[in-house]
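Open the model in the viewer and keep the sequence panel beside it. The stops below say what to select and what is there.

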Amino acid sequence: MKKIFAILLITVMIATVAACGEDKAVNETPQNQETPLTNELPEQPEVESGLEDSTEGGESGSNILVAYFSRVGNTDWEDGVDAIASASLNIRGGEYVGNAEYLAEMAQQATGGDLFFIETAKSYPSDYRQTTDVAKVEQNDDARPALASHVDNMDDYDTIVLIYPNWWGTLPPPLFTFLEEYDFSGKKILPLCTHGGSRLGSSERDISKLCPDAILLDGLAVSGSGAASAKADVEDWINNSGILR
């Protein structure tokens with residue numbers, strides 16, 4: 001009887017220890033567990049650029065121009081716009097930041113080039129769906145939207161890092177205007193595209209048509225939802241392109 005009782009006691013003790021171990025495993029949170037992604041982006045160091053908020057180029061003496069187009073800066077936002085509902089709109093330091101702008105800062109830091117914002121003369125609607133409708137009409141009409149910003153001395157640059165969102169499978173219409181405005185003969189063009197699933201689409205082919213005498217290097221496609229964590233990818237892409245001296 002004593003032997004049976006001892007066996008039962010040992011069994012109960014083992015079961016109790018096992019249960020405690022299970023509780024610990026369930027309640028323990030790994031230190032490297034990722035938190036859900038949001039559109040709230042971390043602060044970034046200020047970008048030093050000879051072209052930021054300027055229409056004149058080459059002030060830094062760089063031979064690389066990082067030119068980007070983004071909805072932010074080309075849209076009249078309505079009060080109360082929902083940044084979380086828009087895949088291309090983020091909030092940083094209380095201000096709106098587009099995915100393309102965020103990637104442009106990364107590319108500028110990786111190259112030391114000049115940063116140039118491609119600004120349209122006419123703003124796009126605040127509503128995302130309305131913007132896509134306008135862009136579709138522009139694409140169907142083969143339109144060339146007027147630009148409000150210009151690079152005065154494009155000849156100073158031999159490399160253009162061109163950053164843009166994928167709109168309807170290719171470049172946004174203002175990019176067609178930008179690429180037709182200058183002579184890119186002999187210049188290297190590196191396309192960097194944000195997308196929601198279509199990657200670079202036909203944008204590389206369209207760049208080749210618009211700039212037949214340019215040297216088109218391999219492009220990089222970054223998912224809009226992954227823009228905040230794309231710094232390493234952008235740096236690797238730049239380093240492997242051979243444009244850094």
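Is Trp 168 buried, partly exposed or exposed? Select Trp 168: its relative accessible area is 46%, which makes it partly exposed. Here buried means under 20% relative accessible area, exposed over 50%, and partly exposed in between, with a 1.4 Å probe and protein chains only as cover. Trp 168 sits in the loop between E5 and H4. Its phi is near 55 degrees, a positive value in a residue other than glycine. Most residues other than glycine have a negative phi.

Before moving on, note that this is a predicted model, in which local features need pLDDT of at least 70 and side-chain atom pairs count only at pLDDT 80 or more, while totals for chains, interfaces and linings use all residues. Residues are numbered from 1 along each chain as its sequence is written, and side-chain values use heavy atoms, leaving out hydrogens and water.

**The whole chain**

Switch to a cartoon view. The protein has six helices and eight strands, in the order α-β-β-β-α-β-α-β-α-β-α-β-β-α from the N terminus. Helices (H or I, at least four residues) and strands (E, at least two) are DSSP runs, numbered from the N terminus. Of the 245 residues, 42% count as buried.

**The parallel strands**

Select strand E4, residues 114-117. Both of its faces are covered, with Asp 114 and Phe 116 buried on one side and Leu 115 and Phe 117 buried on the other. Add strand E1, residues 64-68, which runs parallel to E4 and is joined to it by four bridges. Two strands count as paired if DSSP finds at least two bridges between them. To find the register, label Val 66, which stands opposite Leu 115 in E4.

Next add E5, which pairs with E1 in the parallel sense over five bridges. Ala 67 stands opposite Leu 162 in E5. How many of the residues of E5 are buried? The count is seven of its seven residues. Thr 159, Val 161, Ile 163 and Pro 165 lie on one side of E5, and Ile 160, Leu 162 and Tyr 164 on the other.

Then add E6. Strand E5 (residues 159-165) and E6 run parallel and are joined by seven bridges. Two pairs to label here are Ile 160 with its bridge partner Ile 189, and Leu 162 with Pro 191 opposite in E6. Strand E6 (residues 188-195) is largely enclosed by the rest of the structure, because seven of its eight residues are buried.

**A salt-bridge network**

Show the side chain of Arg 144. A salt bridge is a side-chain nitrogen of Lys or Arg within 4 Å of a carboxyl oxygen of Asp or Glu, and the structure holds two. In one, the side chains of Asp 142 and Arg 144 meet at 2.9 Å, N to O. In the other, Glu 180 pairs with Arg 144, and the closest N and O atoms are 2.9 Å apart. Glu 180 lies in helix H4 (residues 173-181) and Arg 144 in the loop between helix H3 (128-140) and E5, so this pair ties together parts that are 36 residues apart in sequence. Through shared partners, Asp 142, Arg 144 and Glu 180 form one network.

Which of these residues is exposed, with a relative accessible area of 52%? That is Asp 142. Arg 144 is partly exposed at 30% relative accessibility, and Glu 180 is partly exposed at 43%. Check the backbone of Asp 142 too: its phi is positive, about 55 degrees, although the residue is not a glycine. Asp 142 is found in the loop between H3 and E5.

**A contact across the sequence**

Select Met 106 in helix H2, residues 99-111. Met 106 is buried, with a relative accessible area of 6%. Now draw a distance from Met 106 to Val 234: the two are 128 residues apart in sequence and 6.9 Å apart in space, C-alpha to C-alpha.

**Last stop**

Finish with Asp 213, in the loop between helix H5 (203-210) and strand E7 (215-216). Asp 213 is exposed, with a relative accessible area of 53%.
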